[in-house]
Amino acid sequence: MTQIEKDTILDFASSDISLNEFYKKLPNYQNDNFILQKYLEAIKLKNKEYLSYLRLVPINNISLFEGINRELLCEKWHIENEDIVTLFQFTWNNNIENIPILLKAIDNIPEYLEDDDFKYPYVRKIIYAIGAQPQPESLLALEKLASETNDIKIKELALHQLGKRKEYHSLKEDL
């Protein structure tokens, strides 16, 4: 990534230039496939600075980036994990293929989140994202997680979310 690209992305992210000005300076960034290739390059190089800049770039078709973010979620070299989990909870919450990735993320806590003060809020977020995926697969995954983990806090979080999801599902059926 060139310095011009970095500067232009920062100018856009800080609202110093408009989206039109951004695209005039970096016309290739209008193409989501171009941005996707940039993400693949950042992953290949394990370049967290490059990834941080890319996260600021506007994209038109967010669904193109679900696979990239599945891959990134289980990587430990960057600091984007919490943002990615949020995307799986609120945006990419309709695909049972996300469930194993989210479960794997619980076993692959990045170093910057390993302290208990950060780990369990992150795990809670992952468990919420699992619960947001299609049922009954998400409920089965939460039940399995609760029954197989040796971590008492993770078990409590999974059982809590499982109860909430079953309650929500029951209310929805009553309507």
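In the predicted model, Lys38 and Glu5 form a salt bridge in which the closest N and O atoms are 3.6 Å apart. The two residues belong to distant parts of the chain, with Lys38 in helix 3 (residues 32-45) and Glu5 in helix 1 (residues 3-13), a separation of 33 residues. Both Lys38 and Glu5 are buried.

A salt bridge is also found between Lys46 and Glu75, where the closest N and O atoms are 3.0 Å apart. Lys46 is located in the loop between helix 3 and helix 4 (48-54), and Glu75 in the loop between helix 5 (66-73) and helix 6 (81-90), so this pair ties together parts that are 29 residues apart in sequence. The relative accessibility of Lys46 is 46%, and Lys46 therefore counts as partly exposed. Glu75, at 18% relative accessibility, counts as buried because the cut-off for burial is under 20%.

Within helix 5, the side chains of Arg70 and Glu66 meet in a salt bridge with an N to O distance of 3.4 Å. Arg70 and Glu66 are separated by about one helical turn, because they lie 4 residues apart in helix 5. In general, an α-helix has 3.6 residues a turn, so residues three or four places apart point the same way. Arg70 has a relative accessible area of 17% and is buried; Glu66, with a relative accessible area of 12%, is buried as well. Glu66, Arg70 and Glu97 are joined into one network by salt bridges that share partners. The count for the model comes to 7 salt bridges, among them the Lys38 pair with Glu5, the Lys46 pair with Glu75 and the Arg70 pair with Glu66.

Helix 5 itself is mostly covered, with 6 of its 8 residues buried. The buried residues of helix 5 are Glu66, Ile68, Asn69, Arg70, Leu72 and Leu73. Their cover includes helix 3, helix 4, helix 6, helix 7 (98-107) and helix 8 (116-132).

The packing of helix 5 with helix 7 was examined further. Two packed helices are described by the angle between their axes and the distance between the axes. For helix 5 and helix 7, the axes come within 9 Å and cross at roughly 25 degrees. Helix 5 is therefore roughly parallel to helix 7, since angles under 35 degrees are classed in this way. The crossing of these two helices, helix 5 and helix 7, is left-handed. Glu66, Arg70 and Leu73 make the contact on the side of helix 5, and Asn98, Ile101, Leu102 and Ala105 on the side of helix 7. By type, the residues of this contact divide into 4 nonpolar, 1 polar and 2 charged. Glu66 and Arg70, which take part in the contact with helix 7, are also the partners of the salt bridge within helix 5.

Over the protein as a whole, there are 10 helices and 0 strands, and the pattern read along the sequence is α-α-α-α-α-α-α-α-α-α. Taken along the principal axes, the C-alpha atoms fill a box of roughly 50 × 40 × 25 Å. The protein has 175 residues, of which 43% count as buried. Among contacts in the protein with a separation of 6 or more, 65% are accounted for by residues 24 or more positions apart.

Methods: Residues numbered from 1 in each chain as written. Predicted model: local features only at pLDDT ≥ 70, side-chain atom pairs only at ≥ 80, totals over all residues. Heavy atoms only, no water. Salt bridge = Lys/Arg side-chain N within 4 Å of Asp/Glu carboxyl O. Buried < 20%, exposed > 50% of the residue type's maximum accessible area, 1.4 Å probe, protein only. Contact = heavy atoms within 4.5 Å. Axes fitted to C-alpha atoms, helices over the stretch in contact; angles between N-to-C directions. Parallel < 35°, antiparallel > 145°, perpendicular 65-115°, else oblique. Left-handed = near helix turned anticlockwise from the far one by under 90°. Nonpolar A, V, L, I, M, F, W, Y, C, P; charged D, E, K, R; others polar.
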